[in-house]
Amino acid sequence: MTLEVAVRAAAPIPLDVSFRVEAGELLALVGPSGAGKSTVLRAIAGLWHPDRGRVSVDGETWLDTDTGTDLPTHRRRLGVVFQSYALFPQMTALANVMAAGAGQTRASEVLELVHLGGLERRRPAELSGGQQQRVAVARALARDPAVLLLDEPFSAVDRGTREGLYAEIERLRAHLRMPVVLVTHDMEEARRLADRIVVIDHGQVLRDGPVDDILYDPRALRGMGLREAGATLTARIEDQEADGLTRLRCAGGPLWLPRISGVAGEVVRVRIMAHDVMLANQRPEAISALNVIPGVIESILPGDGPGALVTLAVGDELVVARITQRSVQAMGLVVGQSCYALVKSMAVARHQVGREEAEP
Amino acid sequence: MPLPRRHFLALSAAALALPARASAAPVIAAAASLRFALPVLTGAFTARGGGPLRVTYGSSGTLAQQMRNGAPFALFLSADASYVQTLARAGTVTDEGTVYARGRLALIAPKGGLAVDGAMDGLAAALETGAIRRFAIATPDHAPYGQRAREALQHRGLWEALQPHLVFGENVAQAAQFAISGNAQGGLVAASLAAAPAVEAQAVSARVPESWHSPLEQRMVLAPEAPATARAFHDFLLSPPAQEIFAAHGFAAPEPA
Amino acid sequence: MDWPALWLSLHLAGWTVLLLLPVAVFLGRFLAFHRFAGKGAVEALVILPLVLPPTVLGFYLLVAFGAGSPVGRLWESAFGGPLVFSFEGLVAASVLFNLPFAVQPAQRGFEAVPKDVREAAACCGMSPLTALRRVELPLAWPGVLTGMVLTFAHTLGEFGIVLMVGGAIPGETRTVAISIYDRVQAFDMSGAAQMSAMLLAISLVTIAVTFRLSERAGRRLS
C-alpha cells in the first residue's frame, strides 16, 4: 500500500504539492496556518477538488483529473480524524465506531484498542476531550482504511491529555500497516510521531525528508513558522492581587499576569510566545520582568538567519524561547543545562489565557 | 434521539385515509340575500324527496366570477339579472335564466338607535345632527344590493352626505352584520335578511320604496352539465310551496314575464 | 360547529404536510449545504409567500390554474374537473403558500449540522442518502418537524388564498377559517366562537410544540 498524491490549484491558495507515503509510514505535513496542508488532506479525502491532480492508493486511482476520475468520498476507503473529532453527537461511542461500517464485535475491539473499554454506551457529550479524540481514532480505524488521515487531531486537547494521546498513537503504530498522513503546525508533535516530514508553505513543498534532517534544517524551520512558535503552561490561580495582577502557580513556580477573571484554585492554560521569552543562566535580580521560570534545556534549534529556538522543560511542560544564535554561543547554552526563562507579565495578552477543559 | 417516525406515519395515514371529496352533492351558488331563505328551501326540497345539495354564499359578482373561472356550480342563484346575463354572454351558461323572486331593499338599524322609516326621513335627520358615524351597505362593485342601495340613496339625495360614513360589506349579508353589530348606526340591506329572526331580535327595519332603485330581478341559471338533482331544485324553486317560503322571507313574487 | 369544515381543514393540512415534507428535507438540505450562483434569488423566492399578500398569490394562482390557463387545461383534460375551486387546487395553493414555513425551519435545522460531521459521515463510507438518514436527519429533525408543525397550523388558518382559489364549497373548499367568516355573516356568533376557540387552541398547541422542539434542538447542540 502506497499513497501517491499530486495536487495543483489556483484557489483558494496557489497550491502545487506532491509526495508519496509508504505503507506503515507516518508522514507529517507541517507548515504555518494557511499554508495549504489541510487543503491537501481534503483533496486526498475527496472533500476538496483540485484543478489538477492525482491521488492513488496502491494502484487504485481515487482522483485523476487527466482521465476525469474522481471517486466520491464515501467510495474512498479511508479513515479521517478531524481537528474537532466530528463525532456523531446523537450516537454512543460504540454506534459512532459502528457507523464507519464495523460490526459490533469489531467496534468493541477497536474501542478496547484505544482504551475506551467500558465507555461504549456514552455519547460524545459525556466524554472528555481526550476520550472523544480516542473515539474519533477508533472510528477512523474501524473500517480498516487504506489510508489514515489525521487533521491536527491533537490541537483541541490540553498538553497533559496530548501526551497521553501521543503515547497512544505511538503504541498504535504497530497496528497501522497503511500510509498515515498527519497534518500539524506543531513541530514537536511532528518530531514525536512522524517518520518523515513534508514542510509546506504558501502552497509549495519547502522540504521533504526524514524527521531528523528536517528538524535541523533552517530553511524548513522558517516554513514551520518560527514566528508563531510558543508553548503552553498549565497554571492554577492563587490570588487576585490589589495592583491588578493575578498570581498563579505553574510547574516552575509563581506567575504574575494582568488580571485574569476566576477564583483561586481554577486552572488555566497560558500560551507564552517564544519571542516574548528571554533566557538567563542565573536567577536575575532587579529586573522589570516579574516572571522567572526555572527549567532545563531540552533542545536548541538554530534558525535561518541569526535566530535560534531554545526549548526548556518546566516540570513536564515546555517553554520555548526565540533568541539569537549569538546569545546561545555567548551564554554557552547546551542541551541538559539548567537556566531561567524571563517573561514580562504584560507580554501575555488576555486571549492567550484559556480555561482547562473539564473532565466529566 | 429517534425520529418520531410513527407520528409522521400516523399523520400521513390519516390524510390519505380521508376521501378526496366529502360528497358529490351538487353545489348551489347563492346570493347572500338568500342566506336565511335557502336553508328552509333546501329543507323543504329534501323533505319532498329531493337529493342532497351543498350551498355556498357570496356576492353575486364574486360567484359569477368564480363560475366563469370554472367553479363547479350546478345552479347559480343571483340577486339580479345582470350577472346571469354576463355569464350567458361569456358562454358559461346557455340561457339568460329565470326570475325566481324579486328582492326588496330595507333600511335597518340596531334597536333603540336611529328612527327607522321607509322614506329614510329619520336617517336624513340623524345625518343632520351628526348622529351617523358609520352606515353599512354591500359593496356596489359586485353586490347587486349594494348597487341598489347606492341608487336609493342617490334618489333620496343622501348619497353625498353619507359618503364619509359608509362601510362596505363584501356581500349584503356582511353589510347586514356590520349594520346591526353596534359598530354602525344602520345600513341598507336586503329585506330578506332584515326579516330573519336572528336579525329581527336585534334590529328594526323598514322597506324602501321599490321605485327608488332599479329592480332586483333575482335570476337563477343552471350550468349546462347540471345534474338532475340541481335541475329538480331549480324547478322546485318556481313551485307554489317554494314561492310561499320566498314570500315569508321578505321576497316579492316574480312579476309574470 | 362545522365539523365537515374542520375535517376538511385537517385533511388539507395533512396533505400539505405530506407533500411538503420531502420538499422541505431536500430543498432545505440543499440550501443549507450548497453555495451556488443565484442562491439568494432561490431563497428569496422561497420566502416570497411570507411577505406576499395572500390575495396577490391567490390572484396569480387563479390566473395560473384557471380554466383558461395551460395548467388548468392540462389538469382538466387529465382529471375531468377544474383545478380551481377544487380540493386539489386548494392543496396546490397551500403547498406553494406554505413553502417558507416548511423549508426555512428545515434549512435552519440542516445548517445546524456541523460541516465536519457531514464530512465525517462521508469519510465513514456513508453514501449521501445513508448520511441523510443516519446522521443529518437525526440532527436536523427538530427543524424539519418545526416546519411541518407550522405548516399544519398555518394551513388550518389560511383564509385569503382559500377564499380566492377555493370558493367556499361545503365539503370541498370550505375550510374552518372560511366557515368562521361564513358563520359571522349568517349571524351565528356562537358557531363562529366555537370554531375560533378551536383554532386558537390548535395555535397555542402549535406554539408550545415548536418552542419545545427548538429548546430541545438548542440543548442538543450545546
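## Strand pairing in chain B and the contacts of chain C

In this predicted model, strand β3 (residues 73–77) of chain B pairs with strand β10 (residues 216–222) of chain B in the antiparallel sense, over three bridges. Within this region, Phe76(B) lies opposite Val221(B) of β10(B).

Both strands belong to an open sheet of five strands in chain B, ordered β2-β1-β3-β10-β4 and with mixed pairing. The edges are formed by β2 (54–58) and β4 (98–103) of chain B; each has a single partner strand, so one side of each is left without a neighbour in the sheet. From one strand to the next, the twist averages 20 degrees.

Chain C makes contact with chain B and with chain A, and the two contacts are described in turn. The contact with chain B draws 31 residues from chain C and 29 residues from chain B. On the chain C side, two or more residues come from each of α1 (3–33), α8 (128–157) and α10 (176–185). Of the elements on this side, α1(C) gives the most, with seven residues.

The contact with chain A involves 16 residues of chain C and 17 residues of chain A. Here α7 (115–123) and α8 of chain C each supply at least two residues to the chain C side. The largest share, six residues, comes from α7(C).

The table gives the classes of the chain C residues on each side.

| Side of chain C | Nonpolar | Polar | Charged |
|---|---|---|---|
| Touching chain B | 20 nonpolar residues | eight polar residues | three charged residues |
| Touching chain A | 10 nonpolar residues | two polar residues | four charged residues |

Terms used: Residues numbered from 1 in each chain as written. Chains lettered and ligands numbered in written order. Predicted model: local features only at pLDDT ≥ 70, side-chain atom pairs only at ≥ 80, totals over all residues. Contact = placed C-beta atoms within 7 Å. Helix = DSSP H or I, 4+ residues; strand = E, 2+ residues; numbered from the N terminus. Nonpolar A, V, L, I, M, F, W, Y, C, P; charged D, E, K, R; others polar. Pairing = 2+ DSSP bridges. Axes fitted to C-alpha atoms, helices over the stretch in contact; angles between N-to-C directions.
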